[in-house]
Amino acid sequence: MDKVFKYFNDFFKGLTGLLMTLLGLAVAIQILFGGDGVFGMDVIKHVSDLINTLGNGGFVGLITLLILYSFLTK
């Protein structure tokens, strides 16, 4: 059973790393080329909106940011 949990843990760590890399690449592409960004999505606007939503959430937003930070730094 430990092997199964280790497998899924490693899988999701790899997937999270891949998604964070793609997010950084999408932001860099939008900065370099401007316009609507990657595949017509305004990545920078979506990230800014997410940060604003969490920032305006008060204490709950702070707790959410701490939880997200802990997931991404492990």
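Trainee: How many salt bridges does the structure hold?
Mentor: Keep in mind that this is a predicted model. One pair is Asp-10 with Lys-6, and another is Lys-45 with Asp-49. The count for the structure is two.

Trainee: How far apart are the closest N and O atoms of Asp-10 and Lys-6?
Mentor: Both residues sit in helix 1, four residues apart, which is about one turn of the helix. For a salt bridge the nitrogen has to be within 4 Å of the carboxyl oxygen. Here the closest N and O atoms of Asp-10 and Lys-6 are separated by 2.9 Å.

Trainee: Is Lys-6 buried or exposed?
Mentor: To be called exposed, a residue needs over 50% relative accessible area. Its partner Asp-10 has 39%, so Asp-10 is partly exposed. Lys-6 comes in at 53%, so the label for Lys-6 is exposed.

Trainee: And the other pair: which helix holds Lys-45 and Asp-49?
Mentor: Their side chains meet in a salt bridge, at 2.8 Å from N to O. Lys-45 is partly exposed at 44%, and Asp-49 is partly exposed too, at 33%. The two residues are four apart, about one helical turn, in helix 2.

Trainee: What pattern does the protein follow along the sequence?
Mentor: Start with the secondary structure: there are zero strands. What you do get is three helices. Read along the sequence, that gives α-α-α.

Trainee: What is the radius of gyration of the protein?
Mentor: First, the fold: three helices and zero strands. For 74 residues the globule rule gives 11 Å, and this protein is well over that, so it is more spread out than a compact globule. The radius of gyration is 16 Å.

Trainee: What does the C-alpha trace span along its principal axes, and what share of the residues count as buried?
Mentor: The C-alpha trace spans about 50 × 30 × 15 Å. For burial, the cut-off is under 20% relative accessible area. Of the 74 residues, the share that counts as buried is 8%.

Trainee: Let's talk about the largest pocket. Which helix gives the largest share of its lining?
Mentor: The space in this pocket is about 300 Å³. Helix 1 (2–33), helix 2 (43–55) and helix 3 (59–73) each give two or more residues to the lining. The largest share is five residues, and it comes from helix 2.

Trainee: How many charged residues are in the lining of that pocket?
Mentor: The lining includes Met-20, Leu-23, Val-47, Ile-51 and Tyr-69, and His-46 is in there as well. Sorted by type, the lining has ten nonpolar residues and one polar. For charged residues, the count is no charged.

Trainee: Where is Gly-55, and how far is its C-alpha atom from that of Leu-65?
Mentor: Gly-55 is found in helix 2. Its relative accessible area is 51%, so Gly-55 is exposed. Leu-65, one of the pocket-lining residues, is ten residues away along the chain. The C-alpha atoms of Gly-55 and Leu-65 are separated by 8.7 Å.

Trainee: Which element has the lowest mean pLDDT?
Mentor: For the protein, the mean pLDDT is 83, and 96% of its residues reach 70 or more. Among the elements, helix 1 has the highest mean, 88. The lowest mean, 78, belongs to helix 3.

Methods:
Residues numbered from 1 in each chain as written. Predicted model: local features only at pLDDT ≥ 70, side-chain atom pairs only at ≥ 80, totals over all residues. Heavy atoms only, no water. 1 Å grid on protein atoms, 1.4 Å probe; cavity = no way out; pocket = protein on both sides within 12 Å on 5 of 7 lines; lining within 4 Å. Points joined across faces, edges and corners; volume = space filled by probe spheres on them. Nonpolar A, V, L, I, M, F, W, Y, C, P; charged D, E, K, R; others polar. pLDDT = per-residue confidence, 0-100. Buried < 20%, exposed > 50% of the residue type's maximum accessible area, 1.4 Å probe, protein only. Rg over C-alpha atoms; globule rule 2.2 N^0.38 Å.
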